[in-house]
Amino acid sequence: MAGGACRRVLPDLVKTLRREAPKISNQTLPSLRRAFSLYDQINLIDSVPEDQLRFQGYTDTGFTVNGVKYEGSLLIIDNKLMSWSPKRFSEITVESLSIFQIVRPVPEILILGCGRHIEPVSPELRRFIRSTGMKLEAIDSRNAASTYNILNEEGRIVAAALLPYGETL
């Protein structure tokens, strides 16, 4: 019985659809910027020029940058990566960031990766960073690596000082 009813309904449905003219809508297409998902935007960032550094992963003890695994803390200035001496957040001092007194051009922002948790930055360290002309963004190291990637991809002059994600006070 169900099969017989379908055989009678389908031809009627097809005839109805053929008789009705398609409705034309004057809606505009969404801009491509809004149509991209966050996933698409992240994938676009994967195709950075070879001379730009890009964090691709992290562990409790280090980072992967441009396919190379680095252990320990890292300092990135002007797309140049170097080992950085602090092992814990409490070891980040004016002295450990003194290179910024001579770096030119001065980065517009220093992204400070605090390890697993965001830590309060001492007033002395904040004053020093401000005296160099930089802004400071102190966040956990996982988000610091992502933020560095985005700002660097935008072509901004950015520096990063990151403790491994597993580090705490």
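Tyrosine 148 is a good place to start in this predicted model: with a relative accessibility of 0%, tyrosine 148 counts as buried. Phenylalanine 55 is buried too, at 5% relative accessibility. These two residues belong to a small aromatic story. Searching the whole structure turns up 3 aromatic pairs. In one of them, the ring centres of phenylalanine 55 and tyrosine 148 are 5.7 Å apart and the ring planes stand at 90 degrees, so this pair is edge-to-face. Phenylalanine 55 sits in strand β1 (residues 55–58) while tyrosine 148 sits in helix α5, so the pair ties together parts that are 93 residues apart in sequence. Phe63 joins in as well: ring pairs link Phe55, Phe63 and Tyr148 into a cluster.

From here, let us step back to the chain that holds these rings. The protein chain has 5 helices and 8 strands, and along the sequence they follow the pattern α-α-α-β-β-β-β-β-β-α-β-α-β. Of its 169 residues, 34% are buried. If you take the contacts between residues at least 6 apart in sequence, 65% of them join residues at least 24 apart. As for the surface, the chain exposes about 11400 Å², and 55% of that comes from carbon and sulfur atoms.

Now follow the sheet. It is an open one, built from 5 strands in the order β5-β4-β8-β6-β7, with mixed pairing. Which strands stand at the edges? They are β5 (80–83) and β7 (135–139); each has a single partner strand, so one side of each is left without a neighbour in the sheet. From one strand to the next, the twist averages 15 degrees. Helix α5, the home of tyrosine 148, spans residues 141–153 and lies across β4, β6 (109–113), β7 and β8 (158–162). Relative to β6, helix α5 runs at about 155 degrees.

At one end of the strand order, take a closer look at β4 and β5. Strand β4 covers residues 74–77, and 4 bridges join it to β5 in an antiparallel arrangement. You can trace this pairing residue by residue: leucine 74 stands opposite serine 83 in β5, and leucine 75 has methionine 82 as its bridge partner. In a regular strand, side chains alternate between the two faces of the sheet. The hairpin of β4 and β5 has 2 residues between the strands, and there aspartate 78 takes a positive phi near 55 degrees.

That backbone angle deserves a moment. Most residues other than glycine have a negative phi, and most peptide bonds are trans. Aspartate 78, in the loop between β4 and β5, is one residue with a positive phi that is not glycine. Is aspartate 78 buried, exposed or partly exposed? With a relative accessible area of 49%, aspartate 78 is partly exposed. Asparagine 66 offers another example, with a positive phi near 50 degrees. Asparagine 66 is found in the loop between β2 (62–65) and β3 (68–71), and it is partly exposed as well, its relative accessible area being 34%.

The peptide bonds have a point of interest of their own. Where should you look for a cis bond? It joins arginine 104 and proline 105, with omega at about -5 degrees. Proline 105 lies in the loop that runs between β5 and β6.

To close the tour, return to strand β2, where threonine 64 lies. At 17% relative accessibility, threonine 64 counts as buried, since the cut-off for that class is under 20%. What does threonine 64 touch, leaving aside residues up to four places away in sequence? Its contacts are Arg54, Phe55, Gln56, Gly57 and Lys69. Threonine 64 and arginine 54 are 10 residues apart in sequence, and their C-alpha atoms are 8.5 Å apart in space. Phe55, among the residues that threonine 64 touches, brings us back to the aromatic cluster of Phe55, Phe63 and Tyr148.

Terms used: Residues numbered from 1 in each chain as written. Predicted model: local features only at pLDDT ≥ 70, side-chain atom pairs only at ≥ 80, totals over all residues. Heavy atoms only, no water. Pairing = 2+ DSSP bridges. Helix = DSSP H or I, 4+ residues; strand = E, 2+ residues; numbered from the N terminus. Axes fitted to C-alpha atoms, helices over the stretch in contact; angles between N-to-C directions. Contact = heavy atoms within 4.5 Å. Buried < 20%, exposed > 50% of the residue type's maximum accessible area, 1.4 Å probe, protein only. Areas by Shrake-Rupley, 256 points an atom, 1.4 Å probe, with all protein chains shown as cover. Phe/Tyr/Trp six-rings, centres within 6.5 Å; stacked < 30°, edge-to-face > 60°.
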